[in-house]
Amino acid sequence: MADDAAAGIHGEAIWLDGKFVAWDDAHVHVLTHTLHYGLGVFEGIRCYRTSDGRSAVFRLSEHIDRLFDSAHINLLEIPFSREQVLDACLETLRRNHLDEGYLRPLVFLGAGAMGLNPGANPVRVAVIAWEWGAYLGEEGMERGIRAKVSSFSRHHVNSKMTKGKTCGDYVNSILAKREALVDGYDEALLLDTQGYVCEASGENIFAVTDGILYTPAFGGAILGGITRNTMLTLAREQGLEVKEEPITRDMLYMSDEVFMCGTAAEVTPVREIDRRMIGNGKPGPVTLQLQSRYFDVVKGADTSHSDWYTYYSVAPL
Ligand code: PPE
């Protein structure tokens, strides 16, 4: 497909509604309900080649659980079991010969009725996999990125809910991201409707001040990031004091360190926000330590969390 080719994404096979179809045959009808109204849910999952030569999906069962939670929140009944979707993820990696990469399970409403009562439309499921490098760039990963507080607020918790990874939510993320890029920044930071720091367009946010790690609480308008949970776990293990509480934008400006994290973005330092340098403008010691521990853990150099891996193998081409 021309669009996919332009994006550099192409593979062998896509799992669609219970069976594999060739990559170029994974079409949907233009009456696909989600295409019109955005009610669908998805996941983003990474897998890594580990130190011992095997490949492992990172925190697969937590991502599958969140996919089902997202569907539940949105009254979408997935016509497959958790186990079936989990197996589909592993088989999609094998069929596409990916010993490292990114998985995208997508639950969407198919064609049928139009209008805002999609009760009878089929709930469809796809699993796609591709290679994905550093989401915010290699340079950003090493030197830190420049972020801008967006003119767009994150969704209010009751305008639409915020704990599901819902397709339509990403209009808000795309508006914020494009605004940030057009204005010469790398990423957008969104405040909630009360004005407190919420999250970035596709990442959760952390700040370090006087050795204490701060991040907005799960009970706010944030997505409950699985990487966020990993960082909190690793930070506590390293004896860091962690505070999940409201953060203002000026608290970020005054922080010693700021970083963002997410499955795609992994752990990316922030060196500047709104033309204010963060700390000395370089990734700080706490960020660097957590970033390196994160990569050790996901790549299996540090196996202290062996329950976070689902190993799989890919036949050589
Ligand atoms: N907040 C948002 C809004 C978000 O989209 C993500 C993930 C996170 C936080 C971090 O969540 P987690 O991955 O569980 O740590 N964003 C996904 C989609 C990125 C995309 O461009 O597509 C991702 O990182 O996979």
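**Exercise 1. Find the strand that holds Glu266, decide whether this residue is buried or exposed, and describe its phi angle.**

Solution. Glu266 has its place in strand S15, which covers residues 266-273. The model used here is a predicted one. The next step is the relative accessible area, which for Glu266 is 6%, and since buried means under 20%, Glu266 is counted as buried. The last step is the backbone: the phi of Glu266 is near 55°, a positive value in a residue other than glycine.

**Exercise 2. Carry out the corresponding steps for His97: where does it lie, and is it buried, partly exposed or exposed?**

Solution. His97 is found in the loop between helix H4 (82-95) and S6. Its relative accessible area is 30%, and because partly exposed covers the range between under 20% and over 50%, His97 is described as partly exposed. As for the backbone, His97 has a positive phi of about 55°, although it is not a glycine.

**Exercise 3. Describe the surroundings of Arg46, beginning with its strand and ending with its contacts.**

Solution. Arg46 belongs to strand S4, made of residues 45-49, and with a relative accessible area of 5% it is buried. Its side chain reaches the backbone oxygen of Gly133 at 3.1 Å. When the neighbours within four places in sequence are left aside, Arg46 is in contact with several residues, among them Tyr102, Gly133, Tyr135, Thr263 and Glu266.

**Exercise 4. Which residues come nearest to the ligand, and which side chains place an N or O atom beside one of its oxygen atoms?**

Solution. Of the 21 residues around the ligand, those that come nearest are Tyr102, Tyr135, Tyr170, Thr227 and Thr263. Looking at atom pairs, an N or O atom in the side chain of Tyr170 is 2.5 Å from an oxygen atom of the ligand, for Thr263 the corresponding distance is 2.6 Å, and a polar side-chain atom of Arg104 lies 3.0 Å from a ligand oxygen atom. The protein covers 94% of the 550 Å² of accessible area that the ligand has on its own. Sorted by class, the shell has seven nonpolar, eight polar and six charged residues.

**Exercise 5. Why is the ligand said to lie between domain 1 and domain 2?**

Solution. The protein chain is divided into domain 1 (2-130) and domain 2 (138-298), and their centres, taken over C-alpha atoms, are separated by 26 Å. The contact between them takes 21 residues from domain 1 and 20 residues from domain 2. Both domains give residues to the shell around the ligand, so the ligand lies between them.

Technical notes
Residues numbered from 1 in each chain as written. Predicted model: local features only at pLDDT ≥ 70, side-chain atom pairs only at ≥ 80, totals over all residues. Heavy atoms only, no water. Helix = DSSP H or I, 4+ residues; strand = E, 2+ residues; numbered from the N terminus. Buried < 20%, exposed > 50% of the residue type's maximum accessible area, 1.4 Å probe, protein only. Polar contact = N/O pair within 3.5 Å; in protein donor to acceptor, adjacent residues only side chain to side chain. Contact = heavy atoms within 4.5 Å. Near = heavy atom within 4 Å. Areas by Shrake-Rupley, 256 points an atom, 1.4 Å probe, with all protein chains shown as cover. Nonpolar A, V, L, I, M, F, W, Y, C, P; charged D, E, K, R; others polar. Domains from an automatic or database assignment.
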